[in-house]
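Student: I would like to look closely at one part of this model and understand how it fits with its surroundings. Could you take me through it slowly, explaining the terms as they come up?

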Amino acid sequence: MGQAVDCSTITLECLRSYIHPDDQPRVKASWQYYLEHTENELDIVYRIRHKSGEWHWIRETGNSVDDGDHVKTAGLYEDIDDKKREEEALNQFYEATIDRELSSDQKIQKVLQLGVSYLDTELAMVSEILGNDYVVIHSEPPKIIRPKQRFNYAGTYCSHVFGTSQVMAWTDAGHSNISSYPCYENQSLNTYIGTTLFVDNDAYGTLAFAKKDIRKKPFSLQEKNLVRLIGKWISLEITQQQNLKKIKDSEHFSRLVQDSIPDLIFVKDEKFRIVRGNPAFMNVYPESMRDSIIGTTTIESYD
């Protein structure tokens with residue numbers, strides 16, 4: 001940040017000291033251009049230091065006003081911190097979901113990490129509800145609650161969320177309608193936000209973010225929308241995983257059947273090349289030829 005600036009009186013140097021160091025050159029250049037071209041509108045987005053010490057995003061807009069003696073600027077400072085944070089979170093979320101180097105489980109883990117950071121919680125959980133059991137299938141960080149852990153469904157916050165399409169949230173659960181329920185007595189999570197996961201249109205489990213500390217402010221509409229979006233995406237990922245497993249199980253069963261029966265079964269492509277054959281079919285050929293059969297036509301196998 002450099003040396004401290006005396007802000008006992010308002011000066012340009014004082015105002016500049018509140019701007020994030022990385023943004024200062026861009027803000028200075030924008031103002032310089034505006035002063036040289038006052039017919040244009042001033043429109044800058046940058047970060048300033050909040051009284052809490054944190055950096056907040058603002059948008060500064062202005063237009064020149066000529067009163068005959070002086071050219072002045074009438075402007076507006078707009079707090080866009082929530083909107084900017086949501087925009088960055090959505091971009092990171094999107095990048096994680098399309099990363100081809102990550103498996104489906106790794107993508108879910110990455111998205112949970114982003115959610116924990118954005119919502120400022122201690123942990124995130126994806127669960128499956130099986131009868132009276134709450135089964136953890138993904139968690140972040142895994143060292144707090146491990147995947148495959150089981151809990152009594154009635155003793156979880158999930159029992160107040162599961163089945164509804166809404167996003168449910170508490171910021172001070174100890175002074176809410178669930179303070180007397182086993183979920184709070186057992187876990188003492190004051191901050192909680194979660195939603196139901198639907199797989200093939202059936203309630204499957206829940207997505208939740210939580211921490212023990214009381215949250216100072218309610219969850220915003222943007223935060224709830226992001227949780228809803230993450231929940232829908234995870235629901236689709238789980239659906240795809242289950243469908244892929246069904247296909248693999250079906251292919252495995254089909255292969256077992258084909259490999260077990262004595263009839264000759266083979267598959268050819270559009271150019272009549274053999275792409276698959278069961279053991280009965282492959283045994284028609286001498287053992288020395290069997291490794292080279294796939295990819296050839298039956299015509300090539302004879303003189």
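Student: Within how many Å do the axes of α3 and α6 come, and at roughly what angle do they cross?

Tutor: This is a predicted model, in which local features need pLDDT of at least 70 and side-chain atom pairs count only at pLDDT 80 or more, while totals for chains, interfaces and linings use all residues. Residues are numbered from 1 along each chain as its sequence is written, and side-chain values use heavy atoms, with hydrogens and water left out.

The axes of α3 and α6 come within 11 Å and cross at roughly 10 degrees (axes are lines fitted to C-alpha atoms, for helices over the stretch in contact, and angles run from 0 to 180 degrees between N-to-C directions; helices, H or I of at least four residues, and strands, E of at least two, are DSSP runs numbered from the N terminus). The two helices α3 and α6 are therefore roughly parallel (under 35 degrees, where over 145 is roughly antiparallel, 65 to 115 roughly perpendicular and the rest oblique). On the α3 side, the residues that meet α6 are Arg 85, Glu 86, Ala 89, Leu 90, Phe 93 and Thr 97, and their counterparts in α6 are Gln 222, Glu 223, Leu 226, Leu 229, Ile 230 and Trp 233. Sorted by class, this contact has seven nonpolar, two polar and three charged residues (Ala, Val, Leu, Ile, Met, Phe, Trp, Tyr, Cys and Pro are nonpolar, Asp, Glu, Lys and Arg charged, the others, Gly among them, polar).

Helix α3 also packs with α4, at an angle of about 170 degrees and with their axes 9 Å apart. That makes α3 roughly antiparallel to α4. Here the residues of α3 include Gln 92 and Ala 96, which belong to a group meeting Lys 107, Lys 110, Val 111, Leu 114 and Tyr 118 in α4. This contact has six nonpolar, two polar and four charged residues.

What lies among these helices can be followed through the largest nonpolar core, which has 26 residues, with Leu 112, Leu 207, Phe 209, Ile 230 and Ile 234 touching the most other members (such a core is a set of buried Ala, Val, Leu, Ile, Met, Phe, Trp, Tyr and Cys residues joined through side-chain atoms within 4.5 Å; buried is under 20% relative accessible area, exposed over 50%, partly exposed in between, with a 1.4 Å probe and protein chains only). At least two residues of this core come from each of α3 (81-97), α4 (104-119), β4 (123-130), β8 (191-199), β9 (202-211) and α6 (221-260), and the largest share, seven residues, is supplied by α4.

Two residues show α6 in more detail. Apart from its neighbours within four places in sequence, Ile 234 is in contact (heavy atoms within 4.5 Å) with Ile 108, Leu 112, Val 126, Leu 197 and Leu 207. Ser 235 also lies in helix α6, and this serine is buried, with a relative accessible area of 6%. Again setting aside neighbours within four places in sequence, Ser 235 is in contact with Leu 197, Phe 198 and Val 199.

Next comes the sheet that α6 packs on. Six strands form an open sheet in the order β6-β5-β4-β9-β8-β7, with antiparallel pairing (two strands pair if DSSP finds at least two bridges between them). Its edge strands, each pairing on one side only, are β6 (150-152) and β7 (168-170), and neighbouring strands are turned by 25 degrees against each other on average, direction ignored. Helix α4 packs on this sheet by touching β4, β5, β8 and β9, and its direction makes about 80 degrees with that of β5. Helix α6 touches β4, β5, β7, β8 and β9, with its direction at about 35 degrees to that of β8.

Within the sheet, eight of the 10 residues of β9 are buried, so this strand is largely enclosed by the rest of the structure. β9 pairs with β4 over six bridges, and there Val 126 stands opposite Leu 207. β9 also pairs with β8 over nine bridges, where Thr 195 has Leu 207 as its bridge partner. The strands β8 and β9 form a hairpin with two residues between them, and Asp 200 in the turn has a positive phi of about 55 degrees.
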